[in-house]
Amino acid sequence: MKDHQTINGAVHHDLKHDSAIKHVTGRAEYTDDIGEPAGTLHAYLGVSTVAHANIKGMDLTAVRNAPGVVDVLTADDIPGVNDVSPTGRHDEPVFPTEKVEFHGQPIFAVVAETRDAARRAAELAKVDYEILPHALDPVAAKEADYPHVTDPLTLKRGDVEEGRKTATNRIKAQMTVGGQDHMYLEGHIAFAIPGEDDDVIVHCSTQHPSEAQHMVAHVLGVPSNAVIVNVRRMGGGFGGKESQMNLFCAVASVAAKKLNCPVKIRPDRDQDMTATGKRHDFVIDYDVAFDDDGRIQAVEGEFAARCGWTSDLSGPVTDRALFHADNAYFYPHVLLNSRPMKTNTVSNTAFRGFGGPQGVVVAERMMEEIGYALGKDPLEIRKANFYGETDRNITPYHQTVEDNVIGRVVEELEESSDYQARRKAILEHNAKGGILRKGISLTPVKFGISFTATWYNQAGSLVHVYNDGSIHLNHGGTEMGQGLNTKVAQVVADAFQVDFDRIKITKTTTEKVPNTSATAASSGSDLNGMAALDAAEQIKARLVKFASEKWGVSESEVRFLPNNVQIGAETIAFDDFIKQAYMARVHLSAAGFYKTPKIHWDRASGTGRPFYYYAYGASCSEVTIDTLTGEYRVDRTDILHDVGRSLNPILDKGQVEGAFIQGMGWLTTEELWWDDKGQLRTHAPSTYKIPLASDRPRVFNVDLADWSENREMTIKRSKAVGEPPFMLGISVFEALSMAVASVNDYSECPRLEAPATPERVLMAVERLKGKG
Ligand code: MTE
Ligand code: HPA
Ligand code: MOS
């Protein structure tokens, strides 16, 4: 009999990612590693070479005649509905029939014996286009009177006109905030294996297997029960695989069913970057009125986003931008409008933070504006505007902030990072007027947790205990590197009080848990952790009843101890106990379910409680810029982030670090650039720069707020962690802004555009020097 004091891998303890060793040794199995049955064919997309045109004719003869080509699929080959739009707006054909709406749009697919053959053949299409005028960005779209791609949102509280009357200062300006490519290590991929009748099994890399299942069914014209979608893991998703895999799954399935062969589709990196959506870039007009102490009285904002040619998730993304335009600040009077603009570019999609970062960055810009206007440290302005804990706590969407800890987080970070002394030293350094200038900034984050589409906040699980005492765990969430499977397995291990390695983590499949939501909105462990706990509790309840009846003790005398079960005075090893329960015909399997309580949201009136709770954090970054070249480096970053009672502190720290770096990349070096023909020129890592290991802060201190506990009844009182720390990267952006401002003695807000590439930093320095 094993006798441990505690189990291995208990909740709230550090435990490495269950696949960590497999990731780094190359033994983790991704979709492309699955053995290909004999006869597997390979598909590749043929794409549009213009941004906007009527298709007058398509000559695919050369494509069909190319070596190795088996078939060419167009819209005519789709047996069901030619649509993969995730929100049911029916505005996203798999292949267009009449016109193309962006440069790089998939218009057909080649199926060939090898991927190389398919890819070469796809280049040979002759398409007769009647060119139409195009609008590439939100400003051009507005000028061309393009429609909103989905319904805009208004959030309103108080009366901005009234608010302005009490304010002594007012600033109106515009900010542009760039988009971002997901740059997951593993790109899009789908592998469809046809079965008998209508059946098809699709292995793919999606955050949303149930949606892929429904889309494939819809495109094939078969019921959902004919389609199985499997995902063991993704090599990163970051939101880019929430909806964007639908097309690849549909194409592979249509080809597989038509040809009755397994078909795999995997675009190369260039096509992955040009044909699939990215973070929305925004042009934001802000108008802030404030008093002489820097306290905001009124905020008005208009958030225009480049949504691309279809709605995709642009509605909820632009909504979330408005939900986060307050960040951690109280706006007494506020009016916010979203402008989800249709453009002739790839349809933008979910990306870590889901529009939230684009809202937060403007709130932070306003803090800077006020700081420079009043000649004060922007941190002072931030603190003066924080939500109150008991008053000044109503958001622009009328939800009361009940769990505010931003004051404490910022206070502790200010202390631990030695902010005040370092800022003083930096001011002195800059006053000497050298070529290298420094900046420091401390910025807060408050991020709302829950899908704003309320019905998405549900999850299911399936847990089996086999009669040898080993446990099979399945849930609706997907693993993309974030450690969701590890955390959920910890929850189940904790429930049964067995060692973590007794739990088998299994692939996500629509066969075991139906109608799941995307693993997104950072809610994977909140939702699936609870659903798995529900299943475990059901089985435990049956076990407790069995033990109490068999041993003749009360139910309260049955306790799950580490790897053992205590029944009255007797202690039995867990596996022996399970064997006995099996022999007594106890049902050892359960389906669990969870739905988030308390949330509701009325989009029409812009009121409700869309978020169950908020996650908080703050970061302080110090940078040095070279005023002759615009180059810069991050000297130091300190972070304090709130994850409630962490399910697994080391995984959460990894999420905080990774999110910070990704957020920093978004605001510094990652620049998407389309030429005037609408062709994305930053189409590969050769032209698109994500942060490297060498770009990380030279000193990087990351801490979790160990005193925090979710006041809501979340899984083990933890908080979601996936997205909120992304916005900690804003401290780097604002520190750069301060370094730039120094060349003109901080007399004006530099209004850096994002991303603040070295070129932009240099241009801002030159502009301010000219005025100095
Ligand atoms: N971490 C890794 N390593 N890879 C990813 O793709 N995606 C992020 C975040 N962290 C991602 C990641 C995004 S966009 C979200 S919404 C969450 O993880 C989703 O997982 P969770 O809900 O389990 O936190
Ligand atoms: N966040 C992330 N993904 C989503 C959301 C959201 O709020 N709504 C729909 N998909
Ligand atoms: Mo994350 S953008 O919600 O997938």
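User: What makes strand 3 and strand 5 count as paired, and in which sense do they pair, parallel or antiparallel?
Analyst: In this predicted model, strand 3 and strand 5 are joined over 4 bridges. Pairing needs at least two bridges. The two strands therefore qualify as a pair. Their sense is antiparallel. One point of the match is Leu73, which faces Ala109 in strand 5.

User: Why is strand 3 called mostly covered?
Analyst: Strand 3 runs over residues 69-73, and 4 of its 5 residues are buried. A residue is called buried when its relative accessible area is under 20%.

User: Where does strand 3 sit in its sheet?
Analyst: The sheet is open, has 8 strands and follows the order 3-5-1-12-9-10-11-20. Its pairing is mixed. Strand 3 is an edge strand, and so is strand 20 (508-509), because each pairs on one side only.

User: What holds strands of a sheet together?
Analyst: They pair through backbone hydrogen bonds, either parallel or antiparallel.

User: How do you know in which sense strand 10 and strand 11 pair?
Analyst: Strand 10 (residues 200-204) and strand 11 (residues 227-231) share 4 bridges in the parallel sense. Val200 has Val227 in strand 11 as its bridge partner.

User: What makes the chain as compact as a globular protein of that length?
Analyst: The chain holds 19 helices and 29 strands. Its radius of gyration is 27 Å, and the globule rule gives 28 Å for 772 residues. The two values are close, so the chain is as compact as a globular protein of that length. Its C-alpha trace spans about 85 × 75 × 50 Å along the principal axes.

User: How many of the contacts in the chain, between residues at least 6 apart in sequence, join residues at least 24 apart?
Analyst: The share is 81%. As for burial, 63% of the 772 residues are buried.

User: Why is Arg119 called partly exposed?
Analyst: The relative accessible area of Arg119 is 35%. Buried means under 20% and exposed means over 50%. Arg119 falls in between, so it is partly exposed. This residue lies in helix 3.

User: Which residues does Arg119 contact, leaving aside its neighbours within four places in sequence?
Analyst: Arg119 is in contact with Tyr44 and Asp268. Contact requires heavy atoms within 4.5 Å. The C-alpha atoms of Arg119 and Pro267 are 8.7 Å apart, although 148 residues separate the two along the chain.

User: What makes up the second largest pocket?
Analyst: The second largest pocket has about 630 Å³ of space. It is lined by 32 residues, and those closest to its centre are Val47, Ser48, Thr49, Glu123 and Gln271. The elements giving two or more residues to the lining include strand 1 (41-47), helix 3 (115-122) and helix 8 (269-275). By type, the lining has 14 nonpolar, 12 polar and 6 charged residues.

User: What sets a cavity apart from a pocket?
Analyst: In a cavity a 1.4 Å probe fits but cannot get out, whereas a pocket is open. The count here is 8 cavities of 30 Å³ or more.

User: Which residues line the largest cavity?
Analyst: The largest cavity has a volume of about 170 Å³. Its lining has 18 residues, with Glu92, Gln244, Leu247, Ala275 and Trp309 nearest the centre. Helix 7 (residues 245-259) gives the largest share, 3 residues. The lining divides into 10 nonpolar, 7 polar and 1 charged.

Note on methods
Residues are numbered from 1 along each chain as its sequence is written. Chains are lettered from A and ligands numbered from 1 in the order in which they are written. This is a predicted model: local features need pLDDT of at least 70, side-chain atom pairs count only at pLDDT 80 or more; totals for chains, interfaces and linings use all residues. Side-chain values use heavy atoms; hydrogens and water are left out. On a 1 Å grid over the protein atoms alone, a cavity is a set of points where a 1.4 Å probe fits but cannot get out, and a pocket is an open set with protein on both sides within 12 Å along at least five of seven lines; lining residues have an atom within 4 Å of a point. Grid points are joined across faces, edges and corners, and a volume is the space filled by probe spheres set on the points. Ala, Val, Leu, Ile, Met, Phe, Trp, Tyr, Cys and Pro count as nonpolar, Asp, Glu, Lys and Arg as charged, and the others, Gly among them, as polar. Buried means under 20% relative accessible area, exposed over 50%, partly exposed in between (1.4 Å probe, protein chains only). The radius of gyration is taken over C-alpha atoms; the globule rule is 2.2 Å times the number of residues to the power 0.38.
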